[in-house]
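Open the model in your viewer and keep the sequence panel beside it. The stops below are meant to be selected in turn.

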Amino acid sequence: MSAGDTWRLRPGQAVRYRHWDEECVLYNDLSGDTHLLGDAALELLLTLQHGPTTEAMLAAVLKAQFDIADDELAAETAALLQHMNHLYLIETLAC
């Protein structure tokens, strides 16, 4: 994966969640699982509800919303996206 990759919600994913303090519980419509996610992961999912977005733009969203050091931003963004990909919440968009 690279900063130029475009991500989207997996088709059929509704992003149903409940939010408390800095965590949320999210129901995965596709797997039937429930996940405990942090604020940054939820912010990325809510951004992706508006449509496919590049990894670089998602990093910019995180930078605007959270106190993440510039030298850690790309790695943090990539790690969050990979985690949500493994949870079957998002996927890369084929070019």
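Contact here means heavy atoms within 4.5 Å. The model is a predicted one.

**Stop 1: the helix across the sheet**

Select residues 39-48, which form helix α1. Helix α1 lies across β2, β3 and β4, and its direction makes an angle of about 105° with β4.

Now show the strands underneath that selection. They form an open sheet of three strands in the order β2-β3-β4, paired antiparallel. At the edges are β2 (16-20) and β4 (34-38), each of which pairs on one side only. On average, neighbouring strands of this sheet are turned by 25° against each other, direction ignored.

**Stop 2: strand β3 and its partners**

Select residues 23-27 to pick out β3, which is joined to β4 by five bridges in an antiparallel arrangement. Five bridges also join β2 to β3, again antiparallel. Which residue in β3 is the bridge partner of Y17? The partner is L26. On the β4 side, L26 stands opposite H35. Display Y17, L26 and H35 together to follow the pairing from β2 into β4.

Next, go to the hairpin of β2 and β3, where two residues lie between the strands. D21 in this hairpin takes a positive phi near 45°.

**Stop 3: two more positive phi values**

Select V15 in the loop between β1 and β2. Its phi is near 60°, a positive value in a residue other than glycine. Is V15 buried or exposed? V15 has a relative accessible area of 7%, so it counts as buried.

Then select Y88, in the loop between α3 and β6 (90-92). Phi of Y88 is also positive, near 65°, and Y88 is not a glycine either. With a relative accessible area of 40%, Y88 is partly exposed.

**Stop 4: α1 against α3**

Return to α1 and add α3 (70-86). Two packed helices are described by the angle between their axes and the distance between the axes. The axes of α1 and α3 come within 10 Å and cross at roughly 75°. The crossing therefore makes α1 roughly perpendicular to α3.

For the side chains, display A40, A41, L44 and L45 from α1 with L80, L81 and M84 from α3, where the two helices meet. By class, this contact has seven nonpolar residues, no polar ones and no charged ones.

**Stop 5: the nonpolar core**

The largest nonpolar core has 23 residues. To find its most connected members, select L37, L45, M84, L89 and I90, which have the most contacts inside it. At least two residues of this core come from each of β1 (6-9), β3, α1, α2 (55-65) and α3. Helix α1 gives the most, with six residues.

Centre the view on I90. Which residues does I90 touch, not counting those up to four places away in sequence? They are W7, R8, L9, R10, L45, L48, L81, M84 and N85.

**Stop 6: T47**

Finish on T47, found in helix α1. Its relative accessibility is 17%, and under 20% counts as buried, so T47 is buried. Leaving aside neighbours within four places in sequence, T47 is in contact with T53, L58 and V61.

Notes: Residues are numbered from 1 along each chain as its sequence is written. This is a predicted model: local features need pLDDT of at least 70, side-chain atom pairs count only at pLDDT 80 or more; totals for chains, interfaces and linings use all residues. Side-chain values use heavy atoms; hydrogens and water are left out. Two strands pair if DSSP finds at least two bridges between them. Helices (H or I, at least four residues) and strands (E, at least two) are DSSP runs, numbered from the N terminus. Axes are lines fitted to C-alpha atoms, for helices over the stretch in contact, and angles run from 0 to 180 degrees between N-to-C directions. A nonpolar core is a set of buried Ala, Val, Leu, Ile, Met, Phe, Trp, Tyr and Cys residues joined through side-chain atoms within 4.5 Å. Buried means under 20% relative accessible area, exposed over 50%, partly exposed in between (1.4 Å probe, protein chains only). Angles under 35 degrees count as roughly parallel, over 145 as roughly antiparallel, 65 to 115 as roughly perpendicular and the rest as oblique. Ala, Val, Leu, Ile, Met, Phe, Trp, Tyr, Cys and Pro count as nonpolar, Asp, Glu, Lys and Arg as charged, and the others, Gly among them, as polar.
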